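Reader: I have a new model open in my viewer and would like to learn how to read it. Could you take me through a few features, one at a time?

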Amino acid sequence: MEHVLGSIGQQVLRALAAVGRVTMYAFLVFAHVLRPPFYLREFKNALFQVGWLSLPVVGLTAIFTGGALVLQIYAGGARFNAEAVVPQIVAIGMVRELGPVLVGLMIAARVTSSIAAEIATMKVTEQIDALITLSTHPFKYLFVPRVLAGLITVPLLVGVGDIIGIFGGHLVATQSLGFNSVTYLQSSYNILETRDVVSSLVKGCVFGGIATLMGCYYGQNSGRGAQGVGRATKGSVEAAAVLILGANFVLTSLFFSV
């Protein structure tokens, strides 16, 4: 019994220590945001990599999700003669939950893994040590631009994903289910409130910060060799996905708790 309790206690302490390390790392990154020097070229490149290059996968994910959501809600609503509420539920579902969460998970899959692999490779090949030798702070040059890019671009991607998702639902509803186009769009617009849109964008900002921060953290703390790079990449995506889902629950509770 003592062995079991001791093992559980060790795991809890390790988890708390990991939370502490990530928290301190986040404080260090944000502490360098407003301190010069600023590497605008790296920041612009991060904006391009995190934002623009993620747009195709975000768009495809959103449009197929919106279309599938319409079919599911229509099939369920038909049991209660409530097909007319399909536009409203799709709009709320995409903007409040599915849009931000799916975009966040896509960013975790694409961007977090890429950042972790890139920085871990730089560590293995001693490029980070070379930056320090050249009096270039790794936080300023590598981490801050990527985290800032995530904070700025992911909310924009979430907004685009919400619009494309609603459009995907509209396309399926009007072409396959016989909905009137104008009525569908008007119903979607009328049901949404300012709080819905704000919550979606805030979630995007938080998810973008989590995704890029986890990529930087696991990349910097990777082990040596190819196995270390692989473990860092896998761990970063797992941590980002779990934290995004956890943050989504917390933010939803804050915005929509009764």
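**Reading the model, feature by feature**

Author: Gladly! Let us start with one residue: valine 4 is partly exposed, with a relative accessible area of 45%. Its place is in helix α1, residues 2-31. Please keep in mind throughout that this is a predicted model.

Reader: Which residues form a nonpolar patch on the surface with Val4?

Author: Val4 is joined there by Ile8, Val12, Leu13 and Leu16, and together the five have about 480 Å² of accessible area. As a general idea, in soluble globular proteins nonpolar side chains tend to be buried together. The patch, by contrast, is on the surface.

Reader: Then let us go inside. How many residues has the largest nonpolar core?

Author: That core has 38 residues, and those with the most contacts inside it are Tyr25, Val29, Val103, Ile107, Phe143, Leu213 and Cys216. The elements giving two or more residues to it are α1, α2 (40-50), α4, α5 (127-133), α6, α8 (194-220) and α9 (225-256).

Reader: Which element gives the most to this core?

Author: That is α6, with nine residues.

Reader: How should I read a single helix, say α3? What length does it reach from its first C-alpha to its last?

Author: A handy check is to set the span against the value expected at 1.5 Å a residue. Helix α3 covers residues 55-78, 24 residues in total, and reaches 34 Å, close to the 34 Å expected. Next, look at what it hides: among its buried residues are Val58, Leu69, Val70 and Ile73, and the list also includes Gly59, Gly66, Gly67 and Gly77.

Reader: Which elements do the buried residues of α3 pack against?

Author: They pack against α4 (86-124), α6 (138-176) and α7 (181-191).

Reader: Now for charges. How many salt bridges does the count come to?

Author: The general idea is that side chains of opposite charge can pair when their charged atoms come close. Here the cut-off is a side-chain nitrogen of Lys or Arg within 4 Å of a carboxyl oxygen of Asp or Glu. By this rule the count comes to three.

Take aspartate 196 and arginine 96 to begin with: their closest N and O atoms are 2.8 Å apart. Aspartate 196 lies in helix α8 and arginine 96 in helix α4, so this pair ties together parts that are 100 residues apart in sequence.

Reader: Is aspartate 196 buried or exposed?

Author: Aspartate 196 is buried, at a relative accessible area of 1%, while its partner arginine 96 is partly exposed at 23%.

Another pair is lysine 203 with glutamate 97, whose closest N and O atoms are 2.9 Å apart. This one links lysine 203 in helix α8 to glutamate 97 in helix α4, 106 residues apart. Lysine 203 is buried, with a relative accessible area of 0%, and glutamate 97 is partly exposed, with 27%.

Reader: And which side chain does glutamate 118 meet in a salt bridge?

Author: Glutamate 118 meets arginine 146, at 3.0 Å from N to O. The pair links helix α4, which holds glutamate 118, with helix α6, which holds arginine 146, across 28 residues. Arginine 146 is buried at 7% relative accessible area, whereas glutamate 118 is partly exposed at 38%.

Reader: How do I read the surroundings of one residue? Which residues is isoleucine 191 in contact with?

Author: It helps to leave aside the neighbours within four places in sequence; then isoleucine 191 is in contact with Gln88, Ala91, Ile92 and Asp196. You have met Asp196 already, as the salt-bridge partner of arginine 96. Isoleucine 191 is found in helix α7 and counts as partly exposed, at 31% relative accessibility. From serine 181 it is 10 residues away in sequence and 16 Å away in space, C-alpha to C-alpha.

Reader: Last, the backbone. Which residues does a cis peptide bond join?

Author: It joins proline 36 and proline 37, with omega about 5°. Proline 37 has its place in the loop between α1 and α2.

Reader: Where is glutamate 126, with its positive phi?

Author: Glutamate 126 is in the loop between α4 and α5, and its phi is near 65°, a positive value in a residue other than glycine. Serine 135 is not a glycine either and has a positive phi of about 65°. Serine 135 is in the loop between α5 and α6 and counts as exposed, at 69% relative accessibility.

Technical notes. Residues are numbered from 1 along each chain as its sequence is written. This is a predicted model: local features need pLDDT of at least 70, side-chain atom pairs count only at pLDDT 80 or more; totals for chains, interfaces and linings use all residues. Side-chain values use heavy atoms; hydrogens and water are left out. Patches are made of residues with over 30% relative accessible area and no salt bridge: like charges are joined within 9 Å, nonpolar side chains (Val, Leu, Ile, Met, Phe, Trp, Tyr) within 5 Å. Accessible areas come from the Shrake-Rupley method with a 1.4 Å probe; for residues, only the protein chains shown count as cover. Helices (H or I, at least four residues) and strands (E, at least two) are DSSP runs, numbered from the N terminus. Buried means under 20% relative accessible area, exposed over 50%, partly exposed in between (1.4 Å probe, protein chains only). The expected span of a helix is 1.5 Å times one less than its number of residues. Contact means heavy atoms within 4.5 Å. A nonpolar core is a set of buried Ala, Val, Leu, Ile, Met, Phe, Trp, Tyr and Cys residues joined through side-chain atoms within 4.5 Å.
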